[in-house]
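Notebook open, model loaded. I want to go through a few spots one by one and jot down what turns up.

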Amino acid sequence: MEHVTASEEPSATLMYQVERPVFNEGYIDSKLLHRKKRTPKSIQLRIAEHLRCSSKKARSVVFGFLPILTWLPSYPLKQYLFGDIVSGISTGVMQLPQGLAYAMLAAIPPVFGLYSSFYPVLLYTFFGTSKHISIGTFAVISLMIGGVAVREAPDSMFAVHGTNASQVVDFEARDARRVEVVVALTTLVGIIQFVLGLLRFGFLAIYLTEPLVRGFTTAAAVHVSVSQIKYLLGVHTARFNGPLSVVHSLDAVFRNIASTNVVTLIIGLVCIVFLYFIKDLNERFKKKLPIPIPGEIIVVIVSTGISYGMVMSENYGVEVVGKIPTGLLPPKIPDFSVFPNLFPDAFAIAVVGFSIAISLAKIFAFKHGYSVDGNQELIALGLCNFLSSFFHTFVVTASMSRSLVQESTGGHTEIAGLLASLLVLLVVVAIGFVFQPLPTTVLAAIIFVNLLGMFRQIKDIPALWRTSKIELAIWLVSFFASVFLGLDYGLVVAMGFAILTVIYRTQCPKNALLGQIPGTGLYFDVNEYEEAEECSGIKIFQSNASIYFANSDLYVSALKAKTGIDPAQLLAARKSQLKYAKKDNGKRKTENHCSPVKKNAVVLLDVELGVTREVVAGAEKQMDHVYTNGQMTENHAESESEDDLFLQRLTPVHTIVLDFTPVNFIDSVGAKTIKSVIKEFATVDVKVVLAGCSRTLLSDLRTLKFFCEPVTPDLIFPTIHDAVLHCRHSKDVQ
């Protein structure tokens, strides 16, 4: 019978009182619980139900595939439209220079960054579930794409003989080939993301834990920064890819630093200072400013005007963006022949791009009280990349900086992203040629300033040091592996290390002996809490890990170490004890006939410290007691028989309770191990019972044929307290 009582006074303690019999799983299964009767469906029926179409199911599929249909018909114009317009313009203004800049990271002409800022953003409006993320170009993804483009189409492939037997690079042919590679890569990424979405692999992002992603993106920021130094200085160096590419790039820059273009450097530094100042103002006064100051577009317009007026490209040797064709290019089928070489890179880019997008989407969804569908986000990104690739775009994902602008300027729905894409379209169709005199050092400055947020992630190190050393190790491995091995290999190493940490945690769980808090049914670690008292003759063992093939032996070792009971050692000690007892009895008989002097055998057996033996002879050292397990018993040598000695307990512990509350699963190896433990401890008269098994775990144990002699459901108890009360009662009855 259960009673819950409380006084009417607010300060009174709520009392919890339960009075019931001690339960075990045998009683629970046979008397207390009755399973619901269910008729299993045949495979044919399941397939028929799955394929059966109804208006409700069709509506659900269509609305799930096109989320825009769920919110657009009820779009509140008066409430949302103005905020979406302001947000769309602000985001679009920011998207223009970033599109140009990140195309340089992708190792293709800047205009393709504008294409990538239009088509995918337009498509995401129809297929996406997040109302606030800004889809488009992103530094990390662009750099990974650029690495693939340079590897597949290096400068050496397009070297031609110039004057004086010197070699020059056919930049036009090289760029055309790199565009083909990038477009094919984007198509493959889109296919991978779309297929993963259809297969419901939206959970894939959980394997990219937050410390891993943050360490990876910080390393990517290092790669991006190093790759832009040459544009900031105006020096010409080769682009490196693969392991130690950062080191090689820095070495190449320093070797050519004497050829720095001073005008280019001054323009870049001035732009960095101005952009940093504007970003700081926007951050400080974000609550007072109706919209953020568009520092990037200001810098682009002003620097383009100055460059055009002073003819910097010809007079000062400043490198500029160059030709930007007006209008959109006709669609073109990607080059499928390069797919085999690109698949590993495409898979890595697909997973990283989705991870970044879904992380941002969940942050904004939690903040504004709506939900996002991970599987639909995979489908949306896949369609954005796949369909857009036919129009000469490269891989896109969500941008952190633009998403913050889109949300902070009043964006409510995907309409803001739609308007931003239309602004980009206007520039591409009408005024793209205006940006031809734009110095590339300005784009490098924009990239540098936008990376500040990623570099601030270094502050994670002291925070993780205080909270979780394992997560700190994941962050550091992800960072250093990605910096020195490259982003592709670095990601693989980081994910492998993250998986190893999971294995490490199961291999090194926290083990404890539990004791009861007097007057309660609560049990806690006796080494942690003063109030916890061990139950006499009972050891309660807890290990906070599941039991399976990788850690089953460690579980048994920890059990024996914590309880201080090793059945094999105790049995060996018993044999030794019997051996000495036989010798002692023989000596006594001889001495009784020959001499009145008695000799006594003293056997010291301590479970905790091991077994020691000492034989004391002589009348002056007679001892009339034997220590067994650290307890003193009277020694009546004359009447003690060998059988009486054998019946003495080897240990004062009569029961071990295994707390299975933290155990989530158990495999066949783990089940066999626990059965062997029960049998092994039974040989030294120690009973092993289980407590706290979940219904799922019990179902697994039945499936694994765990319950057969000598193990029965009567040895399983729903709580530790049930097990302790049962064991105490059984001992008292004996």
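Before listing neighbours, I fix the term: I call two residues in contact if heavy atoms of theirs come within 4.5 Å. Also for the record, this is a predicted model.

**Entry 1: S478**

I started with S478, which sits in helix α22. Its relative accessible area is 0%, so I put it down as buried. Skipping the neighbours within four places in sequence, I find S478 in contact with L212, G215, F216, A219 and A494. I also checked V213: its C-alpha is 7.9 Å from that of S478, though the two are 265 residues apart along the chain.

**Entry 2: the overall picture**

I stepped back for the totals. The protein has 29 helices and 16 strands, and 47% of its 734 residues count as buried. Of the contacts with a separation of 6 or more, 77% are between residues 24 or more positions apart. The exposed area comes to about 37,700 Å², with carbon and sulfur atoms supplying 63% of it.

**Entry 3: nonpolar patch**

Back to α22, this time on the surface. L244, V247, F480, F484, L485, Y489 and V493 make a nonpolar patch of about 600 Å². Which helix gives the most to it? That is α22, with three residues; α22 (469–485) and α23 (487–507) each supply at least two. V247 comes from helix α11 and is partly exposed, at 40% relative accessible area. I noted too that ring pairs link F480 and F484 with W475 and F479 into a cluster.

**Entry 4: aromatic pairs**

My search of the whole structure gave 17 aromatic pairs. One I looked at is F541 with Y555, edge-to-face, 5.4 Å centre to centre and 80° between the planes. F541 is in strand β9 (residues 538–543) and Y555 in helix α24 (residues 552–563), so this pair ties together parts 14 residues apart in sequence. Buried or exposed, I asked of F541? It counts as buried, at 0% relative accessibility; Y555 is buried as well, at 6%.

**Entry 5: helix α17**

Next I went to α17 (residues 400–408), whose buried residues are S401, R402, S403, V405, Q406 and E407. The elements covering them include α5, β3, α15, β6, α18 and α19. At the start of α17, a side-chain oxygen of S399 comes to within 3.4 Å of the backbone nitrogen of R402. After the helix comes G410, with a positive phi near 100°.

**Entry 6: salt bridges**

I counted 19 salt bridges in the whole structure. One involves α17: the side chains of K367 and E407 meet at 2.9 Å, N to O. K367 is in helix α15 and E407 in helix α17, so the bridge ties together parts 40 residues apart in sequence. K367 counts as exposed at 56% relative accessibility, whereas E407 is buried at 13%.

R255 and D251 form another, at 2.8 Å. Both are in helix α11, four residues apart, about one turn. This fits the textbook point that residues three or four places apart in an α-helix point the same way. R255 is exposed at 66% and D251 partly exposed at 36%.

The third I wrote down is E534 with K539, closest N and O atoms 3.3 Å apart. E534 is partly exposed at 39%, while K539 is buried at 12%. Last note: salt bridges with shared partners join E25, D29, R695 and R702 into one network.

Definitions and conventions: Residues are numbered from 1 along each chain as its sequence is written. This is a predicted model: local features need pLDDT of at least 70, side-chain atom pairs count only at pLDDT 80 or more; totals for chains, interfaces and linings use all residues. Side-chain values use heavy atoms; hydrogens and water are left out. Buried means under 20% relative accessible area, exposed over 50%, partly exposed in between (1.4 Å probe, protein chains only). A polar contact is a pair of N or O atoms within 3.5 Å; within protein, one must be able to donate a hydrogen and the other to accept it, and residues adjacent in sequence count only if both atoms are side-chain atoms. Patches are made of residues with over 30% relative accessible area and no salt bridge: like charges are joined within 9 Å, nonpolar side chains (Val, Leu, Ile, Met, Phe, Trp, Tyr) within 5 Å. Accessible areas come from the Shrake-Rupley method with a 1.4 Å probe; for residues, only the protein chains shown count as cover. A salt bridge is a side-chain nitrogen of Lys or Arg within 4 Å of a carboxyl oxygen of Asp or Glu. Rings of Phe, Tyr and Trp (its six-membered ring) pair if their centres lie within 6.5 Å; planes under 30 degrees apart count as stacked, over 60 as edge-to-face and the rest as tilted.
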